[in-house]
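Got the viewer open? Keep your selection tool handy and follow along, one stop at a time.

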Amino acid sequence: MSKFAVSSSRIPGFYKLDIPKRRELLQTRLELEDDSLTALDSGGLDSATCDQMIENVVGRYSLPFGIGLNFRINNHDMLLPMVIEEPSVVAAASNAARMIREGGGFFADVSAPIMIGQIQLLNLADPDKACAQIQQRDSEILGLAAKHCASLVRRGGGPVGLRSRILSRPSDPDGGMVVVHLLIDVCDAMGANLVNTAAEGVAQTLADITGGAIGLRILSNLAAERTVTVRATIPNAMLATKGQHDGETVRDAIVSASRFAELDPYRAATHNKGIMNGVDAVLMATANDWRSAEAGAHAYASQGGRYRPLAVWTAVDDALRGEMTIPMAVGTVGGALQVHRAAQLSLKILGSTAASDLAAASAAAGLACNLAALRALATEGIQRGHMALHSRIVERANKNNEDSP
Ligand code: MEV
């Protein structure tokens, strides 16, 4: 697959077309020679495959698949596959991405794909000594971990570090307890299975070295070593609302809305929910584990002892500047992607099979949704746009009820 397949993610009037016309345009824009768009007819999965994926299967469940337009990320245009049941998220993301491209687009720094495997050691008589013993033998332990993820090592990844932390002392009610973090570069995988296998593989050795008992061995969803920082700058003029609020007024109102989230965890939760509207939609479209992303994002937002907004917006000269850092444990290989044709199509739409590009795109979708929500909330309120779309669904539901015998 060519990297960054689209020359432009601007497709004016896309929303006005019917579904076959949109598909035709997408086919041309992506230069697709195959029939991969037909994956969307079945939602990407047949019943037999579903039956292999989970237990007690009785059928399949569909959600709308839309395209986030106007995204420009690290100087490349990208179309974003988005799967979500909530009206107005795709439109809001596309609209915000259009404003952001006027300021040069999104700029994303994606960290190395380092996941954390946790090994809990219990009943330690001397936790400080246990940490020192682990440190002394870290290359041996990392070597052992590498044997438990040999295919990953062949792909250029594998264990890269070991860190120990004391969680409680022998005199505490929980006894002497240490957690060992096994850091693993998982390349383009989400990495849960790889990390869990390696964590289980070194646990006995850690217990033997320290004289402790083995507790849990599992990855941490607080993927604090695997993050994306995404930034965007929007000229004030782009923020103006038709005939109502000038750009500077809207910019200042968005900055104030962002401060509200910084000062109040009740608001920060909703602010971050709006971000996850965009992130999760891209993760759903690519068959990624969005629950893991959710857990990681909210735990990350709480680091430092207070729940905070993941994205903040500030005034810079005649512009608005947004910045967000978010853990992003996403994969473009393995997992459900192997069998899900619509998820495979999503990577074609994105134009990349690199997990780092998917991470950047998901974070950009999150920041775009946040900007769109704050701009609406800080001006006319969210309900007008929301309810217009909502009423389409109510109308349709009423029609379905009337039509049913
Ligand atoms: C709704 O899904 C998301 C918002 O509540 C986000 C926000 O308030 O920032 C609109």
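Start with the ligand and select what surrounds it: Glu86, Arg267, Thr270, His271, Lys273, Gly274, Asn277, Ala373, Leu377 and Ile382. Bear in mind as you click around that this is a predicted model. Color that shell by class and you get three nonpolar, four polar and three charged residues.

Now show the ligand's oxygen atoms and look for short distances to side chains. A side-chain N or O atom of Arg267 sits 2.7 Å from a ligand oxygen. Lys273 also has a polar side-chain atom 2.7 Å from an oxygen of the ligand. For Asn277, the distance from a side-chain N or O atom to a ligand oxygen is 2.9 Å. Switch on a surface if you like: on its own the ligand has 300 Å² of accessible area, and the protein covers 85% of that.

Which helix gives the largest share of the shell around the ligand? Select α10, residues 265-285: six of the shell residues come from this helix. Helix α13 is on the list too, since both α10 and α13 supply at least two shell residues each.

Stay with α13, residues 355-378, and bring up α9, residues 247-263. Their axes come within 9 Å and cross at roughly 110°, so α9 and α13 are roughly perpendicular to each other. To see the contact, pick Val250, Ala253, Ile254, Ala257 and Ser258 on α9, then Leu371, Leu374, Arg375 and Ala378 on α13. Seven of these contact residues are nonpolar, one is polar and one is charged. Notice the spacing along α9: an α-helix has 3.6 residues a turn, so residues three or four places apart point the same way.

Next, swap α9 for α3, residues 89-102. What angle does α3 make with α13? About 95°, with the axes 8 Å apart, so α3 and α13 are roughly perpendicular to each other as well. On the α3 side, select Val89, Ala92, Ala93, Asn95, Ala96, Ala97, Met99 and Ile100; they meet Ala368, Cys369, Leu371, Ala372 and Arg375 of α13. This contact divides into 11 nonpolar residues, one polar and one charged. Keep Leu371 and Arg375 highlighted for a moment: they take part in the contact with α9 and in the contact with α3.

Last stop: go to helix α1, residues 19-29. At its start, a side-chain oxygen of Asp18 reaches to within 3.0 Å of the backbone nitrogen of Lys21. Then jump just past the helix to Glu31, where phi is positive, at about 55°.

How values were computed: Residues numbered from 1 in each chain as written. Predicted model: local features only at pLDDT ≥ 70, side-chain atom pairs only at ≥ 80, totals over all residues. Heavy atoms only, no water. Axes fitted to C-alpha atoms, helices over the stretch in contact; angles between N-to-C directions. Helix = DSSP H or I, 4+ residues; strand = E, 2+ residues; numbered from the N terminus. Parallel < 35°, antiparallel > 145°, perpendicular 65-115°, else oblique. Contact = heavy atoms within 4.5 Å. Nonpolar A, V, L, I, M, F, W, Y, C, P; charged D, E, K, R; others polar. Near = heavy atom within 4 Å. Polar contact = N/O pair within 3.5 Å; in protein donor to acceptor, adjacent residues only side chain to side chain. Areas by Shrake-Rupley, 256 points an atom, 1.4 Å probe, with all protein chains shown as cover.
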